[in-house]
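Subject: The structure, with some notes

Hi,

Here is the structure I promised to send over. Please open it alongside this email, and then read on for what turned up in it.

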Amino acid sequence: MAQDVTYSSYLDLDRVLSAQHPSSGAHDEMLFIIVHQASELWLKLCLHELSEARQHIIDDRLRPAFKMLSRVARAQGQLIQSWDVLSTMTPHDYSTIRPHLGGSSGFQSAQYRMMEFLLGGRKPDMVTMHEATPKVAAALREELARPSIYHETIRLLARRGLAIPQNILDRPVGESWAHSPAVEAAWAEIYRDPKEHWDLYELAEKLVDLEYHFQRWRFGHLKTVERIIGFKTGTGGTPGVPYLAGVLKAAFFPELLSVRTAI
């Protein structure tokens, strides 16, 4: 019954607060675990909000989507700030923990990958590393079979009467979005006359916020890794800092960036 619910039972704190299992004996391992666990919880919220926002975009109900997209941007701010906390770990601190991590790596975060997929950064080969967990791999493939939030946004532009060629609308949904001059021209029309297309203009800026914060999160990751381990190879076998620098160049919504030059 509701009157029997307590703060602890509602939040299931017994399980949440007993989910940290340091294995190195190093003082800083608790920091390392909690930062990553908290990040996964924020990612869970981001996915919850983005999935619903996409449905509202499909239904052309943009006002509720705006609230959800704004919330994701705020949650991304929490993810970005987590690097500030983790960066208090020194190279020596991390060196005492690293031997106990095995091949585990943030690169293996299924929720991070799902968020990339949902936004439109789609690399089907990335599902391979999750095959050991069939339900996770299936969920990622299911997402790849759906249009991303940006793909659905471009479909909405077409339904609103903007000139989007059919071959753009029919692009394979499982691939990352590639820049289209026609899509850029549609956004340019919106940006040149926002009063005529105010809700689409606002939607564009909400998406730009997501891209901006995602890149800030990636940059924070890069600088934190650089500060703690330098240019060593990552635990998951990635090249570390050079890999992170490479993904900074990837854009989810390329026309929303290029339109700024076009106008």
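Let me begin with R260, which is partly exposed, having a relative accessible area of 37%. Its side chain meets that of E205 in a salt bridge, at 2.6 Å from N to O. R260 belongs to helix α13 (residues 254-262) and E205 to helix α11 (residues 198-229), so this pair ties together parts that are 55 residues apart in sequence. E205 also counts as partly exposed, because its relative accessibility is 28% and the range for that label runs from 20% to 50%.

Before going further, please keep in mind that this is a predicted model.

Salt bridges

How many salt bridges does the structure hold? The total is 11. As a general reminder, side chains of opposite charge can pair when their charged atoms come close.

Another of these pairs is E143 with R54, whose side chains meet at 2.7 Å, N to O. E143 sits in helix α7 (residues 134-144) and R54 in helix α3 (residues 29-58), so the salt bridge links distant parts of the chain, 89 residues apart. Are these two residues buried or exposed? Both E143 and R54 are buried. They also belong to a network of salt bridges that links R54, R122 and E143.

Helix α7 takes part in a further pair: R141 forms a salt bridge with E131, and their closest N and O atoms are 2.1 Å apart. R141 lies in α7, while E131 lies in the loop between α6 (110-119) and α7, so the pair ties together parts that are 10 residues apart in sequence. R141 is partly exposed, at a relative accessible area of 41%. E131 is partly exposed as well, with 36% relative accessibility.

The cavity

There is also some enclosed space to look at. The count comes to 1 cavity of 30 Å³ or more, and the largest cavity holds about 50 Å³ of space. Which residues line the largest cavity? They are L43, Q76, L79, Y112, M115, H213, F214 and W217. Of the residues in this lining, 6 are nonpolar, 2 are polar and none is charged.

By element, α4 (62-86), α6 and α11 each supply at least two residues of that lining. Helix α11 gives the most, with 3 residues. You have met α11 already, as the helix that holds E205.

Happy to talk it through whenever suits you.

Best wishes

Notes. Residues are numbered from 1 along each chain as its sequence is written. This is a predicted model: local features need pLDDT of at least 70, side-chain atom pairs count only at pLDDT 80 or more; totals for chains, interfaces and linings use all residues. Side-chain values use heavy atoms; hydrogens and water are left out. A salt bridge is a side-chain nitrogen of Lys or Arg within 4 Å of a carboxyl oxygen of Asp or Glu. Helices (H or I, at least four residues) and strands (E, at least two) are DSSP runs, numbered from the N terminus. Buried means under 20% relative accessible area, exposed over 50%, partly exposed in between (1.4 Å probe, protein chains only). On a 1 Å grid over the protein atoms alone, a cavity is a set of points where a 1.4 Å probe fits but cannot get out, and a pocket is an open set with protein on both sides within 12 Å along at least five of seven lines; lining residues have an atom within 4 Å of a point. Grid points are joined across faces, edges and corners, and a volume is the space filled by probe spheres set on the points. Ala, Val, Leu, Ile, Met, Phe, Trp, Tyr, Cys and Pro count as nonpolar, Asp, Glu, Lys and Arg as charged, and the others, Gly among them, as polar.
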